[in-house]
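Q: Please take a close look at a single part of this structure and explain it to a reader who has not met it before. Then set that part in its wider surroundings.

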Amino acid sequence: MRVEPECLVCMMRQTLRVARMSTENPVAHWQCLREVGGLFPGMDPGKSPAVLSLALYETVRRISGVEDPYAEAKYAQNEAALAIEADLRAMVSEAPDPLDMALRLAAAGNVIDLGVLRAEHIDIRDAVDRALASGFSVDDTPAFRRILADAREVLYLLDNAGEIVFDKILIELLARERPVTAVVKAGPIINDACMEDARMVGLDRICPVIDCGGAFVGCPLDLVSTSFRARLDRAGLVLAKGQGHYETLDVYQGPSAVFVMLKAKCDVVARHAGVRPGDLIFRRCN
């Protein structure tokens, strides 16, 4: 997915948000904005928003000296999701079609995105209710089921902290029939899940958890390590969560079947996917 003009506006807004989370110094805020804005003329319009946004997080990190401004928010979102884990698990176990319910709940969890929303604007229970009521606007569940039936393993690319509790329930169901490996980020980037988040919610007790080799937004195929790209190609079936993966895996042409699941949280992604902002998407990329 290529960057659009609106993405640059979003990058500046995100720069200011992260800068303010990182430091109270207004001089640093201005410096972050000036430096990120100065990068725009040299940006490659053929790159994805996810890839281009990496520069803003590195700029704020360098100027503020704060490695993970989302650390407290991630912990709080993990706790909030864990508080309703028993309810979510009961919904899956009591459903006529547990896999369908687990997929829809995993999609509902994608609302927990502090890169787009403020923490105080996120209502996890409301997200669950809305997801169950609306379903997927793009729904490749039948194709996923067909490939899953013969899959030797599943590589599950996680997105946000908090959301990973919803993913944990789906992974637990998938892992009853075949091996599943979950993938976190190797370092902090926005509120994406890292190894400590996986351990906090107990995901590492459900399946093996590995990292992608970097602190990327999504899974940029030209930036991930050679070893992780090989892991992606031999998985056979890949389920990736969130807009960052949508923006970076739409060009994947490897041997694995890659499905992305997300809520379209901005006009650019919604337009690219042919849906309305706020719609849930479950689409095969290749």
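A: A residue counts as buried when its relative accessible area is under 20%, and as exposed when that area is over 50%. The model discussed here is a predicted one. The part chosen for the close look is the surroundings of arginine 61, a residue of helix 3. With a relative accessible area of 19%, arginine 61 falls under the limit and is therefore buried.

The contacts of arginine 61 come next. Leaving aside residues up to four places away in sequence, arginine 61 touches Val66, Glu67, Pro188 and Ile189. A further distance concerns cysteine 32: 29 residues separate it from arginine 61 in sequence, while their C-alpha atoms are 9.4 Å apart in space.

The loop that joins helix 3 (49-64) to helix 4 (71-83) holds aspartate 68. Which residues does aspartate 68 touch, if those up to four places away in sequence are not counted? They are Lys74, Pro188 and Ile190. Pro188 is thus in contact with aspartate 68, and Pro188 is also touched by arginine 61. With lysine 74, aspartate 68 has in addition a polar contact of 3.3 Å between the two side chains.

Isoleucine 190, a contact of aspartate 68, deserves its own description. Its place is the loop between strand 3 and helix 10 (195-200). Is isoleucine 190 buried or exposed? Its relative accessible area is 12%, so it is buried. Its backbone is also of interest. Most residues other than glycine have a negative phi. Isoleucine 190, although not a glycine, has a positive phi of about 50°.

Strand 3 leads on to another element. The buried residues of helix 11 pack against strand 3 (180-184), and also against strand 2 (154-157), strand 4 (209-211), strand 5 (237-241) and helix 12 (243-249). Within helix 11 (residues 226-235), these buried residues are Phe228, Arg231, Leu232 and Ala235. They lie on the same side of the helix, because the arc they cover around its axis is only 100°. Thr226 and Arg234 are exposed on the other side of helix 11. Just after this helix comes glycine 236, with a positive phi of about 90°.

Strand 5, one of the elements packed against helix 11, is mostly covered, with five of its five residues buried. In a regular strand the side chains alternate between the two faces of the sheet. Leu237, Leu239 and Lys241 point one way from strand 5, whereas Val238 and Ala240 point the other way; all are buried.

The pairing of the strands may now be followed. Strand 5 pairs with strand 2 in the parallel sense over four bridges, and leucine 157 stands opposite alanine 240 of strand 5. Strand 5 also pairs with strand 6 (residues 257-263), again in the parallel sense, over five bridges. There, valine 238 stands opposite valine 258 of strand 6. Strand 6 and strand 7 run antiparallel and are joined by five bridges, with leucine 280 in strand 7 as the bridge partner of lysine 263. Strand 7 (residues 280-284) pairs in turn with strand 1 (residues 136-139), in the parallel sense and over three bridges. In this pair, valine 138 is opposite isoleucine 281 of strand 7.

Another helix can be read by its two sides. The buried residues of helix 8 (residues 141-150) include Thr141, Ala143, Phe144 and Leu148. Viewed down the helix axis, the buried residues fall within an arc of 155°, so they line one face of helix 8. The face turned away from that buried side carries Arg146, Ala149 and Asp150, which are exposed.

Finally, the whole protein gives the setting for these parts. It has 13 helices and seven strands, and 57% of its 286 residues count as buried. The C-alpha trace spans about 55 × 40 × 35 Å along its principal axes. A compact globule of 286 residues would have a radius of gyration near 19 Å, and the 18 Å of the protein agrees with this. Among contacts with a separation of 6 or more, 73% are between residues 24 or more positions apart. The accessible surface amounts to about 12400 Å², and carbon and sulfur atoms account for 51% of it.

Notes: Residues are numbered from 1 along each chain as its sequence is written. This is a predicted model: local features need pLDDT of at least 70, side-chain atom pairs count only at pLDDT 80 or more; totals for chains, interfaces and linings use all residues. Side-chain values use heavy atoms; hydrogens and water are left out. Helices (H or I, at least four residues) and strands (E, at least two) are DSSP runs, numbered from the N terminus. A polar contact is a pair of N or O atoms within 3.5 Å; within protein, one must be able to donate a hydrogen and the other to accept it, and residues adjacent in sequence count only if both atoms are side-chain atoms. Contact means heavy atoms within 4.5 Å. Buried means under 20% relative accessible area, exposed over 50%, partly exposed in between (1.4 Å probe, protein chains only). The arc is that of the directions from the helix axis to the C-beta atoms. The radius of gyration is taken over C-alpha atoms; the globule rule is 2.2 Å times the number of residues to the power 0.38. Accessible areas come from the Shrake-Rupley method with a 1.4 Å probe; for residues, only the protein chains shown count as cover. Two strands pair if DSSP finds at least two bridges between them.
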